[in-house]
Amino acid sequence: MDNPTPEPQAVCSPITGSAIFIVATLVPDPDSIAKVRAWCGDIAALTRSVGKRVPSGNLSCICAFGSSAWDNLFGHPRPASLHAFREFGEEGRRAVATPGDILLHIRAEQMDLCFELATQLLNPLRGALSVVDEVQGFRYFDMRSIIGFVDGTENPTGRKIAEFTLVGAEDPTFAGGSYVLVQKYLHNMDAWNELPVETQEKVIGRTKLSDIELDDSIKPSCSHSSLTTITENGQEVKILRDNMPFGRPGAGEFGTYFIGYARSPAPIELMLENMFVGKPPGNYDRLLDFSTAVTGGLFFVPSADLLEELADREPSEN
Ligand code: HEM
């Protein structure tokens, strides 16, 4: 039988009720690096152990690596399009890059499953990783983002999910992998809530209650939906998003954890450029008048098969 595309990690798995996002940096000594590399071979088994106990909980974990971490952990070959997060925009409205070597995207219907898996995954790595950001996200009412609009409607569906998110023949060594870009946003909810609903709808490009796309005759070219709809050779290029609200009302913190998967960083970066710089420049996304990106990272998600293999890789041999 022909060797099929390697088994991907759970990139295309369905939307869940809870998620934990963990970004960590590697402690740069040889023992820590060897420990983290060997741990790559344990992730799938730990996910099975925790997930098996609640089959309906749909637990999954994606582990992804930043550009310099890839070199330190695995050396060559490296994913063709993996690079450091590219910043866009200017002071006051900027997609910032922040430190991050490893991303864990843990999803399940229930937070207890996410929490247990995060604990089991991180425990063996004490001293080898420093967690620099950890966010617990929740699903908010009918799939609404914390700003009150339904989020995720225009995600690809069916076969298109894999087509838009998984690396194929363009980089055969890394087929079945994916690129993932994350940004943690904080919102000024008081200012946002002061806007009339009609104005909010023009910012997003969709109606708030019924989540219907605004007609082109009234949808501004600076709406979030206009600036993040991109085409290549006349065809729309989509990404797969699984954003999650998070926050601490008592501390006045209201956020969106943006996470986007694609088979190349290019479409996500073009969306960011359109949002932060504007298309044409200056015609930027007004959502950013109420939202500040406080983190930013780009990572590569190896296929599940490759992740297991990487545990045994010796970079010095390459
Ligand atoms: C401040 C954080 C963000 C919030 C609250 C947010 C919210 C939303 C909402 C409510 C929609 C409309 C419904 C839907 O189709 O999902 C949407 C659409 C979309 N967003 Fe965002 N978003 C955020 C950041 C981003 C970023 C950083 C990107 C890409 C880099 C992005 C890419 C998209 C895309 C591709 C669509 C679908 C556009 C279409 O086909 O109509 N979003 N977002």
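Here are some short exercises, each with a worked solution, on a predicted model of a protein and its ligand.

**Exercise 1. Work out whether the radius of gyration of the protein agrees with that of a compact globule.**

Step 1: Start from the chain length of 318 residues, for which a compact globule would have a radius of gyration near 20 Å.
Step 2: Compare this with the model, where the protein has 20 Å, so the value agrees with the globule rule.
Step 3: Add the dimensions: along the principal axes, the C-alpha atoms fill a box of roughly 60 × 45 × 40 Å.
Step 4: Look at the interior, where buried residues account for 41% of the 318.
Step 5: Turn to contacts between residues at least 6 apart in sequence; 76% of them join residues at least 24 apart.

**Exercise 2. Set the two domain records from UniProt beside the secondary structure of the model.**

Step 1: Count the elements of the protein, which are ten helices and 14 strands.
Step 2: Take residues 9–139, which an unreviewed UniProt entry lists as "domain: Dyp-type peroxidase N-terminal". This span is 31% helix and 29% strand, and its end C-alpha atoms lie 22 Å apart.
Step 3: Take residues 143–305, listed in the unreviewed entry as "domain: Dyp-type peroxidase C-terminal". Here the span is 25% helix and 25% strand, with 32 Å between the end C-alpha atoms.

**Exercise 3. Describe the shell of residues around the ligand.**

Step 1: The shell holds 26 residues, and those that come nearest are Phe149, Thr153, Glu154, Thr228 and Met271.
Step 2: Assign the shell to elements: β7 (178–187), α8 (224–228), β12 (253–262) and α9 (265–276) each give two or more residues.
Step 3: Sort by class, which yields eleven nonpolar, eleven polar and four charged residues.

**Exercise 4. Find the pairing partners of β7, then decide whether Gln183 is buried or exposed.**

Step 1: Pair β7 with β12; the two run antiparallel over eight bridges. Within this pairing, Leu186 has Gly255 of β12 as its bridge partner.
Step 2: Pair β7 with β14 (residues 297–301), again in the antiparallel sense, over five bridges. Tyr179 is matched there with Phe300.
Step 3: Add β13 (residues 291–293), which is antiparallel to β7 and joined to it by three bridges. Leu186 has Thr292 as its bridge partner in β13.
Step 4: Check how covered the strand is: nine of the ten residues of β7 are buried.
Step 5: Zoom in on Gln183, which lies in β7. Its C-beta atom has 23 others within 10 Å, and the cut-off for buried is 20 or more, so Gln183 is buried.
Step 6: List its contacts beyond four places in sequence: Ala95, Phe258, Ala293, Thr295 and Gly296.

**Exercise 5. Locate two cis peptide bonds and two residues with positive phi that are not glycine.**

Step 1: One cis bond joins His76 and Pro77, with omega about -5 degrees. Pro77 sits in the loop between α3 (67–74) and β3 (88–90).
Step 2: Another joins Lys279 and Pro280, with omega about -10 degrees; Pro280 belongs to the loop between α9 and β13.
Step 3: For positive phi, take Asn58, at about 55 degrees, in the loop between α2 (43–52) and β2 (60–65).
Step 4: Then take Met143, at about 65 degrees, in the loop between β6 (129–138) and α5 (159–165).
Step 5: Finish with exposure: Asn58 has 18 other C-beta atoms within 10 Å and is partly exposed. Met143, with 14, is partly exposed.

How values were computed
Residues numbered from 1 in each chain as written. Predicted model: local features only at pLDDT ≥ 70, side-chain atom pairs only at ≥ 80, totals over all residues. Near = placed C-beta within 6 Å. Helix = DSSP H or I, 4+ residues; strand = E, 2+ residues; numbered from the N terminus. Nonpolar A, V, L, I, M, F, W, Y, C, P; charged D, E, K, R; others polar. Rg over C-alpha atoms; globule rule 2.2 N^0.38 Å. Buried ≥ 20, exposed ≤ 12 C-beta atoms within 10 Å, placed from the backbone. Contact = placed C-beta atoms within 7 Å. Pairing = 2+ DSSP bridges. UniProt positions renumbered as here; feature names shortened; annotations may be inferred.
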